[in-house]
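Here is a friendly walk through one structure, written for someone who likes to see the cut-offs beside the claims. Have the viewer open and follow along.

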Amino acid sequence: MILTTSRKPSQRTRSFVRDLERTLNLPYVQRGKLSLKEIFEMDKHVLLIGEFKANPGTLVVYDVENERRLSSFISVKLQREICGEKIYNDDGIRIKISKELKDNEEFQKHYEIYDEFLFQHLNIDEDSEITLRLEKDSKYLFAIQFYKGRVKIGPLIRVKSIKLFDSLYDK
């Protein structure tokens, strides 16, 4: 899986993508003038961060092989806003679900979609010191918070909505 942005990302979006790059240990491809088709030739799974009013606002995961995509509206907090420093992860990542969400049927549907499109394409390592934790958030469907041990390191991603498409492009 590779990580990229819309064509001319704002500074905040670039910062957020760099946080994801460091935390998830994914390769970042600077988009520039590259078309989506050119990006899809680099990898069959692409995580694209789009913008809304110069802030990271969409998280789109492309499954090129099956010609599908997952699109989510998001709200974010950067690493520097949470822990004040850049955290690097050279390993995989652990995924944990908070107790409040484990038995929630509605959340389970969202989790299965995210697992299929995103989580299964990450380097999962149960021994990693970095944890991607899915947490309850009263205003959103759920939140994705990153921890090092028990310390929140960010970034924080609040998922507002999820939509699946049977096409890679808008028609």
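## Around Phe 119

Leaving out neighbours within four places in sequence, Phe 119 is in contact with Ile 95, Tyr 111, Tyr 114, Ile 124, Leu 132 and Leu 134, where contact means heavy atoms within 4.5 Å. This is a predicted model, in which local features need pLDDT of at least 70 and side-chain atom pairs count only at pLDDT 80 or more, while totals for chains, interfaces and linings use all residues. Residues are numbered from 1 along each chain as its sequence is written, and side-chain values use heavy atoms, with hydrogens and water left out.

Phe 119 is also among the residues that touch the most other members of the largest nonpolar core, which has 37 residues; the others are Leu 47, Tyr 114, Leu 132, Leu 134, Ile 144 and Phe 146. A nonpolar core here is a set of buried Ala, Val, Leu, Ile, Met, Phe, Trp, Tyr and Cys residues joined through side-chain atoms within 4.5 Å. Buried means under 20% relative accessible area, exposed over 50%, and partly exposed in between, with a 1.4 Å probe and protein chains only. Another core, of 11 residues, lies apart from that one and includes Phe 40, Val 60, Val 64 and Leu 168. In soluble globular proteins, nonpolar side chains tend to be buried together.

## The sheet

Eight strands make an open sheet of mixed pairing, in the order β1-β2-β3-β4-β8-β7-β6-β5. Strands (E, at least two residues) and helices (H or I, at least four) are DSSP runs numbered from the N terminus, and two strands pair if DSSP finds at least two bridges between them. At the edges are β1 (2-5) and β5 (94-97), each pairing on one side only. From one strand to the next, the twist averages 25°.

The table collects four of the strand pairings.

| Strands | Sense | Bridges | A bridge pair |
|---|---|---|---|
| β3 and β4 | antiparallel | six | Thr 58 and Phe 73 |
| β4 and β8 | antiparallel | nine | Leu 70 and Leu 164 |
| β5 and β6 | parallel | four | Ile 95 and Leu 132 |
| β7 and β8 | antiparallel | six | Ile 144 and Ile 157 |

Ile 157 in β8 is also the bridge partner of Val 76. Two hairpins are worth a look. Four residues separate the strands in the hairpin of β3 and β4, where Glu 67 has a positive phi near 50°. In the hairpin of β7 and β8, with two residues between the strands, Gly 149 in the turn takes a positive phi of about 65°. How enclosed is β4? Seven of its 10 residues are buried, so β4 is largely enclosed by the rest of the structure.

## Helices on the sheet

Helix α1 (residues 11-24) has 14 residues, which at 1.5 Å a residue should span 20 Å, and its end C-alpha atoms are indeed 20 Å apart; the expected span is 1.5 Å times one less than the number of residues. Its buried residues include Phe 16, Val 17, Leu 20 and Leu 24, along with Asp 19 and Arg 22. Asn 25 follows α1 and has a positive phi, near 60°.

Helix α5 (residues 105-117) lies across β3, β4, β5, β6, β7 and β8 and runs at about 110° to β4. For such angles, axes are lines fitted to C-alpha atoms, for helices over the stretch in contact, and angles run from 0 to 180 degrees between N-to-C directions.

## Aromatic pairs

Searching the whole structure gives seven aromatic pairs. Rings of Phe, Tyr and Trp (its six-membered ring) pair if their centres lie within 6.5 Å; planes under 30 degrees apart are stacked, over 60 edge-to-face, and the rest tilted.

Phe 40 and Tyr 169 form a tilted pair, 5.9 Å centre to centre with 50° between the planes. Phe 40 lies in helix α2 (residues 36-42) and Tyr 169 in the segment after β8, so this pair ties together parts 129 residues apart in sequence. Phe 40 is buried at 5% relative accessible area, whereas Tyr 169, at 38%, is partly exposed.

The rings of Phe 107 and Phe 142 have centres 5.5 Å apart and planes at 80°, so that pair is edge-to-face. Phe 107 belongs to α5 and Phe 142 to β7, so the pair ties together parts 35 residues apart in sequence. Phe 107 is buried at 2% relative accessibility, and Phe 142 is buried at 1%. Ring pairs link Phe 107, Tyr 111, Tyr 114, Phe 119 and Phe 142 into a cluster, which brings us back to the starting residue.
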